[in-house]
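Biologist: I am new to this structure and should like to learn how its features are read. Could we go through helix packing and charged pairs together?

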Amino acid sequence: MAIPQDLARLARYVTERRHELQLARTKAADAAGMSKDTWRRVETGQPVRDSKYAQIDRTLHWATGSCASVLEGGEPVTVEPSAAKAGVVISKVPVADLASEIQRAVESASIATTDNLSAAQIRALSAKVVDRLREQGVL
């Protein structure tokens, strides 16, 4: 169960995002398929059922699990509809997480495509890729 300071942190994020989207609390609750009292509980730092957080994620255009991430000290990830394909959403990886995501991707690709690299060599390769991306200003 989340502790009060985590619930207060989530309350700030949810309220701020609702305001960014210019949603009244009642409209946000309706869009999420919950009562305005349940939504109010979240915005005042009170616990609700875990299933309600997924409904809030969807309403605030956050990736599924964003409320849970905030409760664990992380950040919400916003999503937006893809212009290329209906029903597809695009999320932006927070910059703070991007380097570790790239390292994991390089490590996974190295393991999948090579048989002769040691674990140390794979880690060095992934670190070099991230360093090079930083030098180029990508990260």
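The dialogue below takes up helix packing and then salt bridges.

Modeller: Please keep in mind that this is a predicted model.

Biologist: How are two packed helices described?

Modeller: One gives the angle between their axes and the distance between the axes. Here helix α2 (residues 25-32) packs against helix α3 (residues 36-43) at about 110°, and their axes are 8 Å apart. Because of that angle, α2 is roughly perpendicular to α3. The crossing of α2 past α3 is right-handed.

Biologist: Which residues of α2 and α3 meet?

Modeller: From α2 come Arg-25, Thr-26, Ala-28, Ala-29 and Ala-32, while α3 contributes Lys-36, Trp-39, Arg-40 and Glu-43. Of the residues in this contact, four are nonpolar, one is polar and four are charged.

Biologist: When can charged side chains pair?

Modeller: Those of opposite charge can do so when their charged atoms come close. This structure holds seven salt bridges. One of them joins Glu-43 and Arg-18, with the closest N and O atoms 2.5 Å apart. Glu-43 belongs to helix α3 and Arg-18 to helix α1, so the pair ties together parts 25 residues apart in sequence. A network of salt bridges links Arg-18, Arg-25 and Glu-43.

Biologist: Is Glu-43 buried or exposed?

Modeller: Glu-43 counts as buried because its relative accessibility is 10%, under the 20% cut-off. Arg-18, at 7%, is also buried.

Biologist: Which residue meets Glu-75 in a salt bridge?

Modeller: Arg-9 does, at 3.2 Å from N to O. Glu-75 lies in the loop between α5 and β1, and Arg-9 in helix α1, 66 residues apart. Glu-75 is partly exposed at 40%, whereas Arg-9 is buried at 16%.

Definitions and conventions. Residues are numbered from 1 along each chain as its sequence is written. This is a predicted model: local features need pLDDT of at least 70, side-chain atom pairs count only at pLDDT 80 or more; totals for chains, interfaces and linings use all residues. Side-chain values use heavy atoms; hydrogens and water are left out. Axes are lines fitted to C-alpha atoms, for helices over the stretch in contact, and angles run from 0 to 180 degrees between N-to-C directions. Helices (H or I, at least four residues) and strands (E, at least two) are DSSP runs, numbered from the N terminus. Angles under 35 degrees count as roughly parallel, over 145 as roughly antiparallel, 65 to 115 as roughly perpendicular and the rest as oblique. A crossing is left-handed if the near helix is turned anticlockwise from the far one by less than a right angle, and right-handed if clockwise. Contact means heavy atoms within 4.5 Å. Ala, Val, Leu, Ile, Met, Phe, Trp, Tyr, Cys and Pro count as nonpolar, Asp, Glu, Lys and Arg as charged, and the others, Gly among them, as polar. A salt bridge is a side-chain nitrogen of Lys or Arg within 4 Å of a carboxyl oxygen of Asp or Glu. Buried means under 20% relative accessible area, exposed over 50%, partly exposed in between (1.4 Å probe, protein chains only).
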